[in-house]
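Trainee: Could you take me closely through one part of this model, and set that part against the chain as a whole?

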Amino acid sequence: MPSDIVSSPPSTAVLLAHLELPAPSRLTAPQVRGAHCVWCNTQLEGATALDLGQRREEIGGVDSRWFPRACRRCAEREALKALVEHGQTCEQCVDDHTQCPTGLSLVRAVRAARR
């Protein structure tokens with residue numbers, strides 16, 4: 001019997017969690033906490049901040065969790081940059097990006113950042 005369950009599109013946080021971020025050791029405490037954009041250090045508000053997904057990295061010699069967030073302008077720029085870099089080396093994306101999970105996720109991340 002076919003399933004009636006329709007999978008929902010990935011959340012913005014899931015899409016943006018694939019972006020490369022600056023090392024937490026190079027960020028300020030508010031950036032690591034998610035109060036400021038990880039790229040431009042602009043103070044963020046709940047309504048305008050984009051969640052980049054929980055990360056787990058070594059910070060100050062301790063295995064830590066951190067919760068980076070970004071402003072829309074920076075998230076869009078970084079997602080677009082990642083999309084261009086990926087597209088230059090992925091033959092599947094040259095043919096049809098909808099058939100490449102990474103390419104499709106990056107296209108969706110750009111769109112999510114623009115909303």
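Mentor: In this predicted model, residues 24 or more positions apart account for 53% of the contacts in the protein chain that have a separation of 6 or more. The chain holds five helices and four strands, and from the N terminus on its elements follow the order α-α-β-β-β-β-α-α-α. The part to look at closely is the loop between helix H2 (29-33) and strand E1 (50-51), where tryptophan 39 has its place. Leaving aside residues up to four places away in sequence, tryptophan 39 touches Leu19, Glu20, Leu21, Pro22, Gln31, Leu52, Ala70, Cys74, Ala75, Arg77 and Glu78. With arginine 69, tryptophan 39 has a separation of 30 residues in sequence and of 9.2 Å in space, taken from C-alpha to C-alpha.

Asparagine 41 is also in the loop between H2 and E1, and its phi is near 65°, a positive value in a residue other than glycine. Because its relative accessible area is 35%, which falls between the 20% limit for buried and the 50% limit for exposed, asparagine 41 is classed as partly exposed.

As for the whole in which this loop sits, buried residues make up 33% of the 115 residues in the protein chain, and the chain exposes about 7,600 Å², of which carbon and sulfur atoms supply 50%. Its C-alpha atoms fill a box of roughly 50 × 35 × 30 Å along the principal axes, while its 14 positive and 13 negative side chains form two sets whose centres lie 8 Å apart.

Definitions and conventions. Residues numbered from 1 in each chain as written. Predicted model: local features only at pLDDT ≥ 70, side-chain atom pairs only at ≥ 80, totals over all residues. Heavy atoms only, no water. Helix = DSSP H or I, 4+ residues; strand = E, 2+ residues; numbered from the N terminus. Contact = heavy atoms within 4.5 Å. Buried < 20%, exposed > 50% of the residue type's maximum accessible area, 1.4 Å probe, protein only. Areas by Shrake-Rupley, 256 points an atom, 1.4 Å probe, with all protein chains shown as cover. Lys, Arg positive; Asp, Glu negative; His and termini not counted. Charge placed at Lys NZ, Arg CZ, Asp CG, Glu CD.
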